[in-house]
Amino acid sequence: MPANPKYLTQSKWQRFAKITAAILGGYFVSVTFHLALASWFNRANILMTMAFSGFILWVVLMVVAFLAKSGWKIWGIYILLTLIFSLFIYLGQTYNPTAQ
Amino acid sequence: MSNRNYNIYFHTHTVSGIVISVVLFVIFFAGSFSFFRDEIINWERSESTAITKEIQLDYNTALDTLNKKYILHGRNITISKPSTERRVAVYMEGTKDTLAPAKQKEGQFFYLDTKNFKTFTYEESYSLGEFLYRLHFLAQVPYPVGYYLSGFVALFFLFAIITGVLLHWKKIVSNFYVFRPKEKLKTLWTDAHTALGMIGLPFQFVYAVTGAFFMIKLLIVAPAVMALYKGDQDKLYKELEYTDPDYKFDNKKLATPFNMDQLVAKAKSNWSDFEITRVFIQNYGDANMHVLVEGEIPNHKKFTGVGKVIYRISDGKEIAKKNPITQTNYLDVVKNVLYRIHYGDYGGYALKIVSFILGIITCFVIISGVMIWLVARQKNNMPEKKRRFNAAVVRIYLAICLSMYPITALAFIVTKIFYPLTQNNLYTIYFVGWLILTVFFIFKKNDAFTNKFCLISGSILGFLIPITNGIVSGKWFWTSFMQNKIQVFVIDVFWIVLASISLYVAYHLKAKKESAAEK
């Protein structure tokens, strides 16, 4: 029995927004989240951890994006998170000395 | 779980699963055989070697031989052992001596036989083991398409695993004990898919994550380099301890003699059970010659224990040392664990066999998933056109996937008879044979026939593998057992067992298919 279409996204645009938010948005959030941590804490260890947690978080965010009520809203949230994490990366890079 | 979430998991699981299914099957099927890559390589050459990751080489003789052929002066030379076979890999950079002839400034990569010191290029050393290993990350598809394709398939496989678990969450315990093979076909596929999916879950999760990392790590490395290292990737690799220290070329002849065997033995004697896995010589024969000897503690003694010693040759002093027992940090652990749990090479043959079985179980989970997809869509309320389209999709999927079995078995026989078979010929036989079989099954339009034909022909060819080996090399599996040629023996017996099981399955399926067909 295929999934009940009653519960699935019908609008083409909504579907497009959700799929792109899942794959691209999820990627941006996962990467910037890890880099933000790495720029403030133990850089080498966090980057090494990212080798596996980066992909796991990305996929979890994909699932979350598909559960969202609105594709545009989830895009908004993911962009906002990406910007906040990017700000942390920027500040981390300014306040902490970079790798020699 | 709300009905909405359930249906979303259901739909995303179905779509992601059906999209990646064929490629994922190829990856898991070839990957399962890759657990025995080293055995296949040895079997093909009728060689055998001690089962150890340690390089077993007479370094002095090896370097003398290479020196005569290539002139080593001023070069950086790396000797490593990528797989358990008689050959070690040698990578030489061009000499740093600017006055040397152009020929000596060229880098070289080849394999060196540790017994007779013959060298082989990559192509000359190409084997069925290497072929199947590389097929499992689609390396035969032009770079970088194959690598990225397999990497993203691994990523979406992880997605399918997670949505699958969420979807199945409520019935995880109760359904585990449910198997109704006598019921209608749909329930047979569903029960098999969920139960085997649950059994294989930890295994599949590990392979999805590590597989994605191996193939598309650039996606996380690139932004890290951009954001944290100002675009200088060398800094990243240095901080993650991937880089070896670099020593300058002095352009003065080394005055003191050196003995590489003694040096390696000295490094080895630092820690008990320390096994040498890589020797990196910098500025060979130069006043500033340095030798890095790297090794590890065997996995059963200490799971992560990588150590190294760096010697300066001019005065024989130890420049740096990393203790494999006390100085393993978090970076070493992650690097080691990501590879070990993917390669499954830390637990001897028991682990390899279990991993192979779990790999084949995953293949079955993939196929049963495709079958659920089809059976659920062959209802009478579906338009005829759509139903025919779905059936055609599944027919093509099954034709591609299942014909891998006889073709792989055939490739074993052909490589044995025509040893050494070149890379090109192996490609031709495997891919053309695969294509012909696939096309044949697509035109035959009978999924049950495809299945049965593949299992039976694969079994027959499988039984012929040890027989071919016996006739061609004179080493029947009992003689190789008695002569302690362990790798040759393992592959022969492996195929006898595998062929027996698939033959049993093929004939056992007969009765069930008919009763199921009338559902």
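Which residues does B:Leu155 touch, not counting residues up to four places away in sequence? Hold on to that one for a second. Before I answer, remember that what's on the screen is a predicted model.

Okay, so here's the answer: B:Leu155 touches A:Phe55 and A:Val59 in chain A, plus B:Ala212 and B:Ile216 in chain B, leaving aside residues up to four places away in sequence.

Now let's zoom out to the core. B:Leu155 belongs to the largest nonpolar core, which has 123 residues. The members that touch the most other members are B:Phe25, B:Leu155, B:Phe157, B:Leu158 and B:Ala212. And where does this core sit? Domain 1 of chain B (1-45 + 127-229) and domain 3 of chain B (377-519) both give residues to it, so the core lies between them. There's also a second, separate core of 27 residues, and B:Leu63, B:Val264, B:Ile281 and B:Val293 are among its members. As a bit of background, in soluble globular proteins nonpolar side chains tend to be buried together.

Next up, how the two chains meet. The contact uses 31 residues of chain A and 34 residues of chain B. On chain A's side, helix 1 and helix 2 each supply at least two residues. Helix 2 of chain A gives the most, with 18 residues. If you sort chain A's side by type, you get 24 nonpolar residues, 6 polar and 1 charged.

Let's look at helix 7 of chain B, residues 218-228. Its buried residues are B:Leu219, B:Ile220, B:Ala224, B:Ala227 and B:Leu228. Why do we say they're on the same side of helix 7 of chain B? Because they cover an arc of only 125° around the axis. What do they pack against? In chain A, that's helix 1 (12-40), helix 2 (43-67) and helix 3 (71-95), and in chain B it's helix 6 (185-216) and helix 8 (233-239). Just after helix 7 of chain B, B:Lys230 takes a positive phi of about 50°.

Now for the sheet. Chain B has 8 strands forming an open sheet, in the order 4-3-2-1-5-6-7-8, with antiparallel pairing. Strand 4 (119-120) and strand 8 (317-322) of chain B are at the edges with a single partner strand each, so one side of each has no neighbour in the sheet.

Find strand 1 of chain B, residues 77-80. Which of its side chains are buried? B:Ile77 and B:Ile79 are, and they point to one face, while B:Thr78 and B:Ser80 point to the other face and are not buried. A hairpin through 6 residues takes you from strand 1 to strand 2 of chain B. Those two strands pair antiparallel over 4 bridges, and B:Ile79 stands opposite B:Val90 in strand 2 of chain B. Strand 1 of chain B is also joined by 4 bridges to strand 5 (residues 275-282) of chain B, again antiparallel. There, B:Ile77 has B:Ile281 as its bridge partner, and B:Ile281 is one of the residues in that second core.

Further along, strand 6 (residues 290-296) and strand 7 (residues 306-312) of chain B run antiparallel, joined by 7 bridges. One pair to click on is B:Gly295 with its partner B:Gly307 in strand 7 of chain B.

Last stop, the domains. Chain B is divided into domain 1, domain 2 (59-121 + 244-340) and domain 3. The C-alpha centres of domain 2 and domain 3 of chain B are 43 Å apart.

Notes: Residues numbered from 1 in each chain as written. Chains lettered and ligands numbered in written order. Predicted model: local features only at pLDDT ≥ 70, side-chain atom pairs only at ≥ 80, totals over all residues. Core = buried A, V, L, I, M, F, W, Y, C linked by C-beta atoms within 7 Å. Buried ≥ 20, exposed ≤ 12 C-beta atoms within 10 Å, placed from the backbone. Domains from an automatic or database assignment. Contact = placed C-beta atoms within 7 Å. Pairing = 2+ DSSP bridges. Arc of directions from axis to C-beta. Nonpolar A, V, L, I, M, F, W, Y, C, P; charged D, E, K, R; others polar.
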